[in-house]
Amino acid sequence: MPYRTIIEPFRIHSVQAIDFPTREGREAALERAGYNLFGLHGDEVIIDLLTDSGTGAMSAEQWAGMMVGDESYAGSRSYFRFRDVIEDLTGLAEIIPTHQGRAAEKILFATVLSAGDVVPNNTHFDTTRANVEYQQAEARDLVIPEGRDPASEHPFKGNMDIAALVDTIEEVGRARVPLVMVTVTNNSGGGQPVSLANLRAVREVCDRYEIKFFLDACRFAENAWFIKQREDGYADKTPRQIAREMFSLVDGCTMSAKKDGLSNIGGFLAMNDPALAQQCRNLLILTEGFPTYGGLAGYDLEAIAQGLVEVLQEEYLEYRIRSTAYLADKVSNAGVPIVRPPGGHAVYLDAKSFLAHIPPHEYPAQALAVELYREGGVRGVEIGSVMFGTPQPDGTERPAEMELVRLAVPRRTYTQSHIDYVGEVVIAVAERADGLGGYRITEQAPWLRHFTARFEPV
Ligand SMILES: *Cc1c(COP(=O)(O)O)cnc(C)c1O
C-alpha cells in the first residue's frame with residue numbers, strides 16, 4: 001500500500017509535557033549560554049533535535065526488562081542476555097559492556113594505538129577523533145569524494161575511498177596503522193550509509209596488509225535498511241541478515257547503545273581476538289567496572305538487549321528512515337539547501353550555501369543553529385568549523401570542509417506534527433537568511449571545544 005502514509009508503528013503509552021519558553025526567555029537563555037546551544041536547559045527547548053543519542057523513547061518491553069534486571073556485581077543474568085543478543089547479532093566472540101560508545105573507543109584506542117599511528121575511517125565522529133588524538137595518533141578521514149559534496153545523490157555517500165585507504169597505508173607503512181575503522185552510518189558526514197560492497201573492499205585491503213578492521217556500529221540498523229533499499233541483491237534480505245553480513249566482515253566494533261540500541265545509556269566493545277579482549281577488560285576494570293557490567297546497571301543491560309532486537313524490525317526501520325526523509329522533503333521543497341540525499345537519523349542543513357555571506361571563521365552553521373532556536377525553540381547542532389576547524393600555528397584556523405546544522409531526530413519520540421513545526425521554523429529562518437550575522441569564539445577548551453565554547457555576535 002505505497003500510497004498510504006507510513007504511520008508511527010506504536011501507540012503512545014506515557015507522555016512528557018513540552019515547555020514553551022517565550023521569545024524573550026529564549027533570548028535570555030542564549031545570552032546566558034554564550035550562544036552555545038549545549039548550554040541551554042532542557043526546559044528552555046521546545047523541540048530538541050540536538051542529538052538522537054540517548055534521547056529516544058523506550059518500549060514497554062524495554063521497561064519491563066528493566067524490572068527484571070539482575071544487579072549482581074559479577075555474573076549478572078542481565079549480562080548474559082546482553083552478551084547473547086550481541087553475539088547472535090554480530091557473530092563476534094568477546095562482548096565488553098561500556099557506559100557509552102566513547103568509553104569503548106577510549107579502551108580500544110588506549111590498547112591498540114601508539115603515538116604517531118594513523119587511524120583511517122570514512123569520517124571520524126567527534127569523540128572518536130578526540131580519543132584517537134588523545135593517544136597522539138592521527139585520525140584520517142577518507143570518505144569518497146561524493147561524501148564531501150552536499151549536492152551529490154550517490155546512494156552510499158558514507159563509503160570509504162579505497163584508493164585513498166591503500167595510499168595511506170603505503171604512505172605511513174602498515175606498522176603504523178593498527179586498525180581501520182568504518183562508521184555506519186557516517187554520522188559526521190551527514191548520516192550517509194556505507195554499502196556492503198564497500199565494507200568488503202575495506203576487508204580485502206585489511207587482509208592484504210594484515211590490519212584489523214573495526215566498525216563504529218552506532219547506526220548499524222539504519223545502515224542495514226539503506227542497504228536493503230539501495231544495494232543490488234539485498235531487497236529480499238531482512239535487516240537482521242544484512243546487519244549480520246556487515247558484522248561478519250569485521251574483527252570488532254565499538255557501539256553506542258544510545259543510538260541503534262534504542263536505549264538512554266550504554267555501549268559496548270566487541271571483537272574476536274581473545275588476547276586483545278583480555279587487555280581491554282583489564283583497562284575496563286580500571287575505568288568502567290567489572291566485565292559483566294562495564295559501568296552499566298543490570299537494568300540497562302536488559303534495556304539494550306531488548307532495544308537491539310526491536311531496532312531491526314522492518315516496520316520500525318521503515319518509519320524511522322521515512323520520518324527523517326519527511327523533514328528533509330519539507331525543507332528542501334521550500335528551497336532550503338540540505339545534504340542530499342537525507343541521512344538516516346538527521347537532516348543536515350547546508351549553511352555554507354544558505355549563509356554564503358558569513359565567512360567560515362564567523363561560523364555560519366553556528367549562526368544558523370542559534371537562529372533556529374531563537375525563532376522557534378528548535379535546538380539543532382553545528383557540525384562545521386566550530387566542531388572541526390583546526391587551529392594553525394599562525395593563530396588562524398583551517399575551516400571544516402562543510403558547514404552543517406544537524407537536526408537529529410530522536411527515535412520514537414516526536415510525531416509528524418512536531419516535525420511539521422520544525423519544518424515551519426526552518427523555512428521562517430530561511431526567509432530572512434540574508435539578515436543573519438556571524439559569531440566569534442570568546443572561550444574554548446583544548447579539545448571537543450564545541451561542547452563548552454562561548455560565543456558573541458560579530
Ligand atoms: C554517538 C557516537 C559515538 C560515541 O558514543 P557515545 O555513546 O556518545 O559516547 C561514536 N561514534 C558515532 C558514529 C556516534 O554517533
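Okay, let's start at G377: this glycine comes right after helix α14, and its phi is positive, near 70 degrees. Quick note before I go on: this is a predicted model, where local features need pLDDT of at least 70, side-chain atom pairs count only at pLDDT 80 or more, and totals for chains, interfaces and linings use all residues. Residues are numbered from 1 along each chain as its sequence is written, and side-chain values use heavy atoms, with hydrogens and water left out.

So, the helix. Helices here are DSSP runs of H or I with at least four residues, strands are E runs of at least two, and both are numbered from the N terminus. α14 covers residues 364–376, and its end C-alpha atoms sit 19 Å apart; that agrees with the 18 Å expected, because 13 residues count at 1.5 Å a residue (the rule is 1.5 Å times one less than the number of residues).

Is α14 mostly covered or uncovered? Covered: 12 of its 13 residues are buried, meaning under 20% relative accessible area with a 1.4 Å probe, protein chains only. Among them are L368, Y373 and R374.

Now the sheet. Strands of a sheet pair through backbone hydrogen bonds, either parallel or antiparallel. Ours is open, with three strands in the order β9-β14-β11, paired antiparallel; pairing takes at least two DSSP bridges. β9 (346–350) and β11 (381–383) are the edge strands, each pairing on one side only.

What joins β11 to β14? Three bridges, with β14 spanning residues 404–408. Over there, V381 stands opposite R406 in β14.

Terms used. Buried < 20%, exposed > 50% of the residue type's maximum accessible area, 1.4 Å probe, protein only.
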